[in-house]
Amino acid sequence: MSYKNFPMVPRVIFGRGGFNQLSEILAPKRLSMNAPFIYIIDDVFKNNSWLTSRIPLAYSDKIIFVSTKEEPKTSQVDDLVEDIILTTKELPSGIIGIGGGSALDLAKAVSIMLTNEGEAKDYQGWDLVKHAAIYHVGIPTISGTGAEVSRTTVLIGPEKKLGINSDFTPFDQVILDSELTKDIPTDQWFFTGMDCYIHCIESLTGTYLNAFSQTYGNMALELCKEVFLENSLTDIESQEKLMMASWHGGMSIAYSQVGVAHAMSYPLAYLLGIKHGVGNCIVFDHLEEFYPEGVKLFKAMKKKHQIVLPKGLCANLRDEEIDKMISIALNLVPLWENALGKNWKSIITPKKLKELYLKM
Ligand code: NAD
Ligand code: ZN
């Protein structure tokens, strides 16, 4: 038996207003006047001076705003890297990602691709990265994905949606400042928050479960229940707790695996462009059979926050499209094995998946 040797984020700040410490964190990391810090920021903050005025720009440091309408693509990473190489005299001193899972993943991927040859799509998979990434910092502005702690950066490539999983992927520094999450619209808060909740349920009920994953998973699940079901939390408590739930949920799956909802929502993202958070919710809503307790609680949370999920996404798809989704889903073997055990193929057949997709 060989156990995973999982790298963790070595430095983290937790606290309201911790974002203001960015300048003191970065100063000693500046390699030279010609080696800028590049900020990859969700464009939702483009005209938000409350955030942007606190970014300590100097020399040729630069902000690149990225759209998060669609999930990050390998070609988008390649374009960003090319732009950085063409416009800077030396390799950057650091890449700072500010935003949700999309901006964080772009920052991670760009920091890797600046020091590794070829195209981002060549590195989708496990442990294909050869050289250490540029110093990279993650600053989440929405909680749930666990992208701030994970060893992957999930990208949509020409052939697949798959992460660059490597020891060089995790951030060198994370700043958890819950104040940055204060203005998220309710629907989006719920969808991304539920990504964390679903990570917990899939990890805690999976066959890959172990004490490492269980302890983190239980903690994250309790926090999710408080945030989404209790009335007694202040806004600040709720924002701080969800931020920590995301972190622990990410740590939980780091040493186990996700399950049915993730396996079925990946094809929704790849083929229909449905984003991860809402895609997971759409799928999870129909998974009573696999996660009876988890789905019951999910429905209660959905009701409490009056969330309406999109319906009828797959009803009008052509057979070839449904077949393609099924084949992508079935390829995610570790997810099924975690969810249903070694004999998963006897439980989850193409026919079964088709029935489920047609309900969505
Ligand atoms: P996201 O980053 O796409 O952001 C969702 C929406 O929230 C966007 O419209 C964004 O502009 C908005 N937003 C973010 N912060 C805000 C704020 N403070 N105020 C107002 N609006 C704000 O969504 P996400 O759910 O955080 O991330 C999804 C992505 O993360 C997917 O691409 C998914 O594949 C990836 N992901 C990665 C990992 C990983 O471990 N690397 C894990 C899970 C998911
Ligand atoms: Zn997820």
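This report walks through a zinc site, a pocket and two loop residues in a predicted model.

**The zinc site**

Let's start with the metal. Four protein atoms serve as donors to the zinc ion (ligand 2): an OD atom of Asp195 and the NE2 atoms of His199, His262 and His276, lying 2.1 to 2.2 Å from the ion. Along the chain, these donor residues follow the spacing D-x3-H-x62-H-x13-H. Two of the histidines sit in helices: His262 lies in helix H8 (residues 260-272) and His276 in helix H9 (residues 276-284), so this pair ties together parts that are 14 residues apart in sequence. Both His262 and His276 are buried.

Why is the arrangement around the zinc ion (ligand 2) called irregular? The 4 donor atoms subtend angles of 88 to 168°, and a tetrahedral label would require all angles to lie between 85 and 135 degrees. For reference, the ideal angle for four tetrahedral donors is 109.5 degrees.

**The second largest pocket**

Next comes a pocket. The second largest one holds about 260 Å³ of space. Which helix gives the most to its lining? That is H7, with 4 residues. Helix H5 (186-204) and helix H7 (235-254) each supply at least two lining residues. The lining of this pocket also draws on two domains, with at least three residues from each of domain 1 (11-181) and domain 2 (186-358).

If you are thinking about the chemistry of the wall, the lining has 4 nonpolar, 6 polar and 2 charged residues. Among the lining residues are Ile142, Ser143, Thr181, Lys182, Trp189, Asp235, Gln239 and His305.

**Two loop residues with positive phi**

Finally, a look at the backbone. Most residues other than glycine have a negative phi. Tyr59, with phi near 45°, has a positive value without being a glycine, and Gln306 likewise has a positive phi, of about 50°, although it is not a glycine. The table sets out where each one sits and how accessible it is.

| Residue | Phi | Loop between | Relative accessibility |
|---|---|---|---|
| Tyr59 | near 45° | helix H2 (49-52) and strand S3 (62-66) | 56% |
| Gln306 | about 50° | helix H10 (292-304) and helix H11 (319-330) | 69% |

Are these two residues buried or exposed? Exposed means over 50% relative accessible area. Tyr59 therefore counts as exposed at 56% relative accessibility, and Gln306 counts as exposed at 69%.

Definitions and conventions. Residues numbered from 1 in each chain as written. Chains lettered and ligands numbered in written order. Predicted model: local features only at pLDDT ≥ 70, side-chain atom pairs only at ≥ 80, totals over all residues. Heavy atoms only, no water. Donors = N, O, S within 2.8 Å, 3.2 Å for Na, K, Ca; no water. Tetrahedral: all angles 85-135°; square planar, octahedral: opposite > 155°, others 65-115°. Buried < 20%, exposed > 50% of the residue type's maximum accessible area, 1.4 Å probe, protein only. 1 Å grid on protein atoms, 1.4 Å probe; cavity = no way out; pocket = protein on both sides within 12 Å on 5 of 7 lines; lining within 4 Å. Points joined across faces, edges and corners; volume = space filled by probe spheres on them. Nonpolar A, V, L, I, M, F, W, Y, C, P; charged D, E, K, R; others polar. Domains from an automatic or database assignment.
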